[in-house]
Amino acid sequence: MSTLSLTGVSRWYGNVVAVNDISMALGPGVTGLLGPNGAGKTTLLHMMAGFLSPSRGTVTLDDEPTWRNPDVYRRLGLVSEREAVQGFLTAYEFVLASAKLHRLADPAAAARRAIDLVELESAQDRRIGTYSKGMRQRARVAAALVHDPQVLLLDEPFNGMDPRQRLHMMQLLHTLGDAGRTILFSSHILEEVEQVSGTVQVMVAGRLAASGDFRTIRRLMTNRPHVFAVRSTDDRALAVALIAEPSVSGVELDRTGLTVRAGDYGAFTRALPRIALDRGIRVRQLVPSDESLESVFSYLVEA
Amino acid sequence: MSTITWITARGLFGRRRFLLLLPLPLVLLGLAVLCRSLGVDPGQWGPPVLVGLGLAVVLPVVALIVGTGVLGAEIDDGTVVHILTKPLPRWQIVLPKLGVAAGVAAATVAVPLYVAGVLADSVRLGLALAGAAALGALAYSALFLALSLVTRRPVLLGLVYVLIWEGLLGNFVSGTKVLSIQQYVIALADRIAPTGLLETSVSVPVASVMTALVSVGFTVLAIDRLRSFSVAGETS
């Protein structure tokens with residue numbers, strides 16, 4: 001069992017701070033690194049994987065630094081976001097080369113086992129250049145898994161995968177996590193993280209915004225005030241009726257229609273049709289105006 | 001053959017830019033054969049073809065294409081990460097790659113230079129040119145391999161060195177010749193087969209020591225730079 005520890009890690013490029021004072025310890029199991037694009041997830045992963053030196057702080061795998069220390073790759077595997085692979089190799093050659101570079105006792109058997117694990121047997125003798133994005137991703141995961149690492153880091157592993165491949169990859173990560181491996185994967189999609197991991201680290205603008213059990217964080221996210229833009233046949237009458245609703249915390253009326261702030265997403269969306277029906281008002285438009293992940297994240301930071 | 005050597009060779013020969021290696025040696029060979037068959041005096045065509053084209057253009061350009069290709073191309077497309085995430089001391093990555101680069105460059109350049117040398121003077125001159133060019137290929141490859149780790153534009157910087165420093169300044173400012181691999185190659189070839197065709201102001205001891213220094217120094221630099229290799233984040 002291996003532990004990846006970050007202590008006060010920051011990384012800046014000139015005046016731009018990409019990662020700001022992050023501390024965490026990752027143990028066995030699957031952890032999701034969640035955050036909007038540009039939050040610094042990739043920079044953090046690169047520091048964990050020894051491909052970037054922290055400007056400040058330390059990154060260690062079982063008390064050994066990962067920077068300038070190739071020995072950590074005996075216990076660590078990385079699947080980077082860039083889907084670069086030597087397209088002129090077949091998947092088997094590619095994974096076998098990885099096994100040989102790891103100096104494994106039986107590289108051919110290790111390569112076959114890794115290819116089985118990602119279900120790529122049927123295409124293993126085709127050049128990777130002819131693969132779909134998802135297949136290429138699986139070939140890279142197989143190469144990263146060939147030495148059975150204690151720690152596996154994956155940067156946006158579900159990008160470009162179809163739903164079936166996605167499900168399979170999620171199961172694979174689960175299996176590895178249950179077997180005592182330390183798995184960290186990054187994603188900017190809430191649902192992906194929800195399905196794979198119980199523990200999440202949420203990054204926003206280079207900082208660690210939240211950390212812990214996914215359900216608790218999810219509740220924090222869903223309990224925030226939701227903003228809707230509503231247009232109807234009689235905005236003023238609708239506003240009067242809505243403000244009497246306990247789920248509604250505020251209503252604004254202007255020329256374009258209503259802006260409604262609701263404290264409880266579910267209660268409000270159930271109440272609106274009932275109110276409109278009772279008053280004989282037709283709702284022409286109901287648009288949640290802050291559903292983007294960024295606003296969810298920024299709410300988390302403010303909370 | 002080590003796995004790194006195998007992947008490097010497959011990567012090099014698998015890319016289309018490898019075809020760029022062929023025309024220059026063929027031009028060298030063609031010119032030498034043409035001059036010889038037309039009965040032109042070797043004193044007339046020897047220096048411009050052997051030195052002006054062979055050692056000043058074909059050797060460094062071929063070494064530039066190969067030397068920046070063995071690692072620089074992998075850095076450009078990101079595949080280098082697959083090799084770097086292995087528990088290998090970094091010299092075990094740099095040395096095989098340097099071996100492939102120097103070997104391919106030497107083979108590509110030495111053969112036409114040997115033939116041209118034989119046609120111009122003697123088998124001895126042919127062997128001298130081929131041998132000195134092989135040493136030059138090693139020094140150039142070490143330089144260009146290190147360049148691909150030091151800068152994002154190794155080909156451009158390499159061209160500046162070959163064309164401006166060695167090609168242009170070497171003609172006007174004689175002091176620059178002490179830092180010119182091309183001049184080392186000429187001095188070494190002239191030492192092995194003294195003829196009137198090769199001329200340089202650099203002494204043989206200086207050429208030998210500097211060739212060794214350049215080869216070893218830039219290799220050590222490359223190993224150290226690869227140890228601290230950073231991947232820039234997509235978002236940075």
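**Why the labels fit: a sheet and a helix pair**

Tutor: Helix 8 (residues 235-243) of chain A lies across strand 11, strand 12 and strand 13 (257-262) of chain A. Helix 8 runs at about 165° to strand 12 of chain A. Keep in mind that this is a predicted model.

Student: Which helix of chain A lies across strand 14 of chain A?

Tutor: Helix 9 (residues 265-279) of chain A does, and it lies across strand 11, strand 12 and strand 13 too. Helix 9 runs at about 175° to strand 14.

Student: What is the order of the strands in the open sheet of chain A?

Tutor: The order is 12-13-11-14, with antiparallel pairing.

Student: Why are strand 12 and strand 14 of chain A called edge strands?

Tutor: Strand 12 (248-254) and strand 14 (283-288) each pair on one side only. Neighbouring strands of this sheet are turned by 20° against each other on average, direction ignored.

Student: How do you know that strand 11 and strand 14 of chain A pair?

Tutor: Pairing needs at least two bridges. Strand 11 (residues 226-232) and strand 14 have 5 bridges, in the antiparallel sense. For Phe228(A), the bridge partner in strand 14 is Pro288(A).

Student: What makes helix 2 of chain B roughly parallel to helix 6 of chain B?

Tutor: The axes of helix 2 (residues 23-37) and helix 6 (residues 91-120) of chain B cross at roughly 10°. Angles under 35 degrees count as roughly parallel, so the label follows. The two axes come within 9 Å.

Student: Which residue classes make up the contact of helix 2 with helix 6 of chain B?

Tutor: The contact has 11 nonpolar, 1 polar and 1 charged residues. Among them, Leu28(B) and Arg36(B) are in helix 2, and Thr108(B) is in helix 6.

Note on methods:
Residues numbered from 1 in each chain as written. Chains lettered and ligands numbered in written order. Predicted model: local features only at pLDDT ≥ 70, side-chain atom pairs only at ≥ 80, totals over all residues. Helix = DSSP H or I, 4+ residues; strand = E, 2+ residues; numbered from the N terminus. Axes fitted to C-alpha atoms, helices over the stretch in contact; angles between N-to-C directions. Contact = placed C-beta atoms within 7 Å. Parallel < 35°, antiparallel > 145°, perpendicular 65-115°, else oblique. Nonpolar A, V, L, I, M, F, W, Y, C, P; charged D, E, K, R; others polar.
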